[in-house]
Amino acid sequence: MGNINSTSKDFKLNSKVPEGPIESKWTNHKFSLKLVNPANKRRYDIIVVGTGLAGASAAATLAELGYNVKSFSFHDSPRRAHSIAAQGGINASKNYPNDGDSTFRLFYDTVKGGDFRSREANVYRLAEVSGNIIDQCVAQGVPFAREYGGLLDNRSFGGAQVSRTFYARGQTGQQLLLGAYSALSRQIHLGKVQMFNRREMLDLITIDGAARGIVVRNLLTGAIERYSGHAVILATGGYSNVFFLSTNAMNSNATAVWRAHKRGAFFANPCYTQIHPTCLPLHGDNQSKLTLMSEGIRNDGRVWVPKKKGDNRPPNQIPEDERDYYLERKYPSFGNLAPRDISSRSAKEVCDEGRGVNGGEAVYLDCFDAIKRLGKKAIEEKYGNLFDMYQTITGENPYEVPMKIYPAPHYTMGGLWVDYNLMSTIPGLFVLGEANFSDHGANRLGASALMQGLADGYFVIPYTIGDYLASHKFTSISTEHDEFKKSEEEIKEFVKKLLSIKGKSTVDEIHKKLGRLMWNKVGMARNEKGLKEVIGEIKTLREEFWKDVNVVGKAEDLNQTLERAGRVADYLELGELMATDALNRNESCGGHFREEYQTDEGEAKRDDENYRYVAAWEFENVGKWNLHKEQLEFEFLHLAQRSYK
Amino acid sequence: MDEKKLNIKLKIWRQSGPNTVGSFVDYNVSISPDASFLEMLDELNNSLEKNNQDPIVFESDCREGICGTCGMVINGEPHGPLRKIATCQLHMRNFKDGQTIWVEPFRAKAFPVIKDLAVDRSAFDKIIQVGGYISVNTGGVPDANSIPISKEIASEAFDSAACIGCGACVAACKNGSAMLFVSAKVTQFALLPQGQPERQKRVEAMVAKMDEFGFGSCSNTYACEAECPKGISVVNIAKLNHEYRLAKIKSKNVEV
């Protein structure tokens, strides 16, 4: 599967950012995009892989416009996509609270939050359409939190000093996804979307250099199936599960983007991973995933550790003046609402000093001050479900005992490279939501993932895909085309090989080993030595996998072990690219913290002169990539060292 | 944390396919009380794979009780002995050392078994597809604050909208009824101003589809509410009946 398309070492990345003032770029661009006339739209088949916020909103909207959409999900139902688990909220610059928000401020906060490693024009557009998303969701019947007067309520989130986060208790992702799912369901009923559940994309078909189809495995029967279209949209989420333990769902995986990468789509900034500061700490070896507590809780919660190392008293017996509220101390103006990368790193710092809970890897978070101030009922209303969840998992009551939290892999800012139209380096292959790299730079702010997923799906792709379709002549392509046949054979070979190794290690055992390597050396803090070592260790582990893995069961059956094996095979390649990218980037920015590059105060130290670029990696062969750079220009914002003090 | 392990006897339903006969198979595990129920099954599966045996098929995804993917009947109860949680949120500390645990798939006429503990719940999607939405296209909608909704109504609508579509209500019901699932969606939209234009059409279509799939009727045992991981109230069912009657009075469709 190592076929390289028309790209080469001197290939020039073109971001296609329109000219003009930032406020009018998107408006002007929409006008200059070619349109597909309504009667012609039904002649185009669009494949959408993934049914999370980005995928479901794109599929529904494109179908409403008249395109024929084929929508794919590996779940039993589109409603299960992992967007459903987002808790906290969704940002929009509505300025309803009259506290000084604007499109420009949301744009500014997002670029700054991303440590000046995102593309200005994309971020501005995101801020610009953010308000439309809220209007759309309300029209769909999403039950957002409201004030007594009947208007929408807002809360504040990390990295912002205004309240611009809309929320639906602690289940905002669920309600937004059900909104998009309902729009998708309506189009399925109308026959404009053909829904294919329980299908996992295993290859992208390119013909004459353009994306023309996908090959999937039917997870119920094991049959390999082929689907063709005029364009392919990937909205398949992020790759945090490379760490094995993350807050992602068990089945979230990188296979669709990775296989597309191997067909020629460049992978951008793979080392930008977000470690979320407020997760439940690890309990034991058999742990399957880490659970997140919404960062919304930092509005009313205070994070602390004992001042003294070795202070192992139960938390309630540690007096106020012997506690170190380290975020409030270090970042007085943002306090507990410092951005995620900074909060996570600070937690690691105090734990490395030996001041974590019982000297281990956990810090305290409690809402006792807020309970005193606002009453237990008010806190229960805001965070009741989070507290219940905490108690269910740990067996401790957070209304009485401070919670223990620790950072965990949560989101990946890196992803397939896309231009302003959200098109990858393969013509006709579009990438939306977490699967692309475009909007969050080196660190994503809380409540911005939902915003981006829906912005891409509802308000960007419906415009930009039309331009691609209208400006290309298409020959009709059958799934009997040689490229489809070849791909199917390759997949069958790949599956056969996995099943034939019959070694001693289970898929999970190897995945856990990889996760440990990644967490230790490509996690919250990285350094040159560790990265060089880990690249070798991943290569060795990859060889071990292909020699010693034991994948039980059959190819032509529901076989969950086989599903996981294919995904782990991809992680073993992707992990190496993440480390390679982290090693290449000799600076610290956002979620990428290189220990060699920090300020005297221990903050991330960027090197704008040499690293103000998007690193877009072209796949050449397993373990071998070519680096392409997209220089980032900051025309409208002043490059500054991020300060939340 | 307590490192003392629990010894558990498991009797797990194994069935190789939709049309084969299944049976209970015995397994013994020794597990940390801090592990979740599904992590216990992960560990068991890992050891089965080590011995070249087929692991037990069960579905799960978010493992935070929100995606609705997981679900099995544990000692006779959908999602196990605790209230208001999904299977993935159940922890082994809730079981005793030496205890025997029976594990079965959700059973209902409309939820055929796929393999072992996995069942086909696609009927739920099909019910939503005939009317579980507000028919608005993307774009051209009014400003969000132009539709004021009282805090109480928004909150009540949320309570209904919290359904995760897991199907425990159906599995808990002796009639295999989907009334709780359908009523939660109907109620959410009947409460909200946005849901008014299609209020009548929606309930008629969804109930008709539900009947078509062979879900049973409600006989008020409240087992569904008791087993619902999100605590969706049976009051929704009363509201569904009310909505359905109102719709029927006005209906132009001929009643059979």
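**Reading strands, a helix and two domains**

Student: Which residue of S7(A) stands opposite Arg199(A)?

Tutor: Asn218(A) does. Bear in mind that this is a predicted model, where local features need pLDDT of at least 70 and side-chain atom pairs count only at pLDDT 80 or more, while totals for chains, interfaces and linings use all residues. Residues are numbered from 1 along each chain as its sequence is written, with chains lettered from A and ligands numbered from 1 in the order in which they are written.

Student: What makes S6(A) and S7(A) a pair?

Tutor: Strands are DSSP runs of E, at least two residues, and helices are runs of H or I, at least four, numbered from the N terminus. Two strands pair if DSSP finds at least two bridges between them. S6(A) and S7(A), residues 210-218, share 8 bridges in the antiparallel sense, so they qualify under that definition.

Student: Which are the edge strands of the sheet S6-S7-S8 (chain A)?

Tutor: The open sheet has 3 strands in that order, with antiparallel pairing. Its edges are S6 (199-207) and S8 (224-228) of chain A, as each pairs on one side only.

Student: How do you know whether H16(A) is enclosed or not?

Tutor: A residue is buried if 20 or more other C-beta atoms, placed from the backbone, lie within 10 Å of its own, exposed if 12 or fewer, and partly exposed in between. In H16(A), 20 of the 25 residues are buried, so the helix is largely enclosed by the rest of the structure.

Student: Why does the length of H16(A) agree with expectation?

Tutor: The expected span is 1.5 Å times one less than the number of residues. For residues 560-584 of chain A that should be 36 Å, and the end C-alpha atoms are 36 Å apart, which agrees.
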